[in-house]
Amino acid sequence: MKRRQRGAAQANQRHPPTGIDFIALGVKSRPSGPELGDIKPSTSQKLTLSGERKRESPSSLSSVSKKPKHGIQGISSLTKGSRDFESESSGPTVDSVAIDVKPIDLIDTVLEAECEGDDDKIDGYLCGCIKSLRSNRAKPDPTLYLSLMYLIKLKPYLVSGSEVVIDGLSNLLKRDVAMSFKSKGNPLVSVLACNVLLAAFSEEENWPEQFVRVYIEDSLGERVWVDNPKCADFVQNIQTAFGTKVPKKHGLFSSLEGQRHGGSTSDLTLPGASPGHASADEDDKASEVASEAGESVTDKDPDSDLDKVPVMQRYTVLQTSIEFEVVESIREQLVRRQPMDTGSRNMLRLLTTTSGIVEVRVLAAPRLEMWLQNPKLTRPAQDLLMSVCLNCNTHCQEDVDVIGHLIRIRLKTKPLINHYMVCIRELLNQHAENLFTILKHTIYNELSNSRNPNNMPLLGVIFQHSPEPAAKYLAMVFQELLANREIGRASCRERV
């Protein structure tokens, strides 16, 4: 802009007074050509500047257009573990801000920088600590992470007030790309990052959206810290973004547990499982073994049990955007044709956790029968079935469609059928209108060509749950059938 103003001023000073001078300039002075060219800098520079804008505008527009999809791309590529929050942000990165400091001097240097009011130095020292932890995941320095824990417990705003520090700690929750895919590695750094972020945001009502992204990444991946009991408070506060109603300890009762209790639902809805309840599968056992390695982080604090952070809604403002991103991520994962391996089981666990979102229930319900019939996915599929039934409490059109899919599930083995009946009983408890919807779908399914062999036991469960309302609704359904000419009185009489 200054260059254009200077060029315009020079052009006014050298305005040619006569045409003769102009001809002389054109004939003789090629060296003065640049001076003549200075008459046009406003247009030429305008063109070049506009050209630069045009060259910059695609990148700027692409960055703007990608920002709404930021969460979608982030979540959909979570299993790859290749995306860093630092590279996405337009601000400074951890590596560019980091200031190396000896672990033993971390507390003194940070407190001294705070007394001086130098926020840049505070961010630099904390980023230097994060950088050291990231490069030494296998065996981090105890002095370093204990000093960091002390600082954050003493002054939690040191983390919550700095975006670059939050991004750095969030990256510690991501999978290390240099790590072998067959091993989870030492979870100590991830457990440390969870507890540091929890301490920093325990008093905050609105948490960053990137916590949900790293949660979903780890849920679809190795579940290093998602299943770790030392991160339970942090995980449960993140899960409030989904509004899912599930029993505590995330492991729902399997069909065998339902059989052990005679199909009763009284124990099913208790917060915890019974002492004899086995883990969901081998991955749960591996998570428990890995969690033992991370106990040294939080066990250093004798007041850890006294400083429980309450579980409260942390994503009221971002609820809509988070639900959209989660649904898009799950939809993309379901479209992929992948073998039934650990990743598929983790996908079902994520669906179980996010079943509070109605679109997730719509995506999961049509596939439940296939997953339940697969021996490798039976247990997580049972948990997903129970979670879907527990969260069908809106009776919107989507939930009505979900109930229709649940009624059409055809199961053959007795353990699965017993668990299915227990889930239907829970479904009846979730909304007053679910009873009529379930009864109507069951009767219509019995009159259809693809009759479910479990319809009669299902009707027995319905009448055991609510005898008088069920009889009333059944009469209403029969009246509707008798008035329906397409079905016919003969077919209805046969079924009755």
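Colleague: Is Glu-325 buried or exposed?
Modeller: Happy to start there, and please keep in mind that this is a predicted model. The cut-off for calling a residue buried is under 20% relative accessible area. Glu-325 has a relative accessible area of 7%, so this residue counts as buried.

Colleague: Which side chain does Glu-325 meet in a salt bridge?
Modeller: A salt bridge needs a side-chain nitrogen of Lys or Arg within 4 Å of a carboxyl oxygen of Asp or Glu. For Glu-325 the N to O distance is 3.8 Å, and the partner is Arg-213.

Colleague: How many residues apart in sequence are the parts that Glu-325 and Arg-213 tie together?
Modeller: Let's place each one on the chain. Glu-325 lies in helix α19, residues 319-335. Arg-213 lies in helix α14, residues 210-220, so the pair ties together parts whose separation in sequence is 112 residues.

Colleague: And is Arg-213 buried or exposed?
Modeller: The same cut-off helps here: buried means under 20% relative accessible area. Arg-213 has a relative accessible area of 6%, so Arg-213 is buried.

Colleague: Which residue is linked with Arg-213 and Glu-325 in a network of salt bridges?
Modeller: Good one to look for in the structure. Arg-213 and Glu-325 meet in a salt bridge. The network that links them also includes Glu-209.

Colleague: Which helices hold Asp-399 and Arg-361?
Modeller: The side chains of these two residues meet in a salt bridge at 3.0 Å, N to O. The pair ties together parts that are 38 residues apart in sequence, because Asp-399 lies in residues 397-407 and Arg-361 in residues 358-364, which are helix α24 and helix α21.

Colleague: What is the relative accessible area of Arg-361?
Modeller: Its partner Asp-399 counts as buried at 1% relative accessibility. Arg-361 is buried too, with a relative accessible area of 1%.

Colleague: Glu-446 and Arg-451 also meet in a salt bridge; is Arg-451 buried or partly exposed?
Modeller: Their N to O distance is 3.7 Å. Glu-446 is buried, with a relative accessible area of 13%. Partly exposed residues fall between the 20% and 50% cut-offs. Arg-451 has 39% relative accessibility, so Arg-451 counts as partly exposed.

Colleague: How many salt bridges does the count come to?
Modeller: Among them are Glu-325 with Arg-213, and Asp-399 with Arg-361. By the 4 Å rule, the count comes to eleven.

Colleague: Stepping back, how many helices does the chain have?
Modeller: Of its 496 residues, 45% are buried. The secondary structure has zero strands, and the helices come to 29.

Terms used:
Residues are numbered from 1 along each chain as its sequence is written. This is a predicted model: local features need pLDDT of at least 70, side-chain atom pairs count only at pLDDT 80 or more; totals for chains, interfaces and linings use all residues. Side-chain values use heavy atoms; hydrogens and water are left out. Helices (H or I, at least four residues) and strands (E, at least two) are DSSP runs, numbered from the N terminus. Buried means under 20% relative accessible area, exposed over 50%, partly exposed in between (1.4 Å probe, protein chains only).
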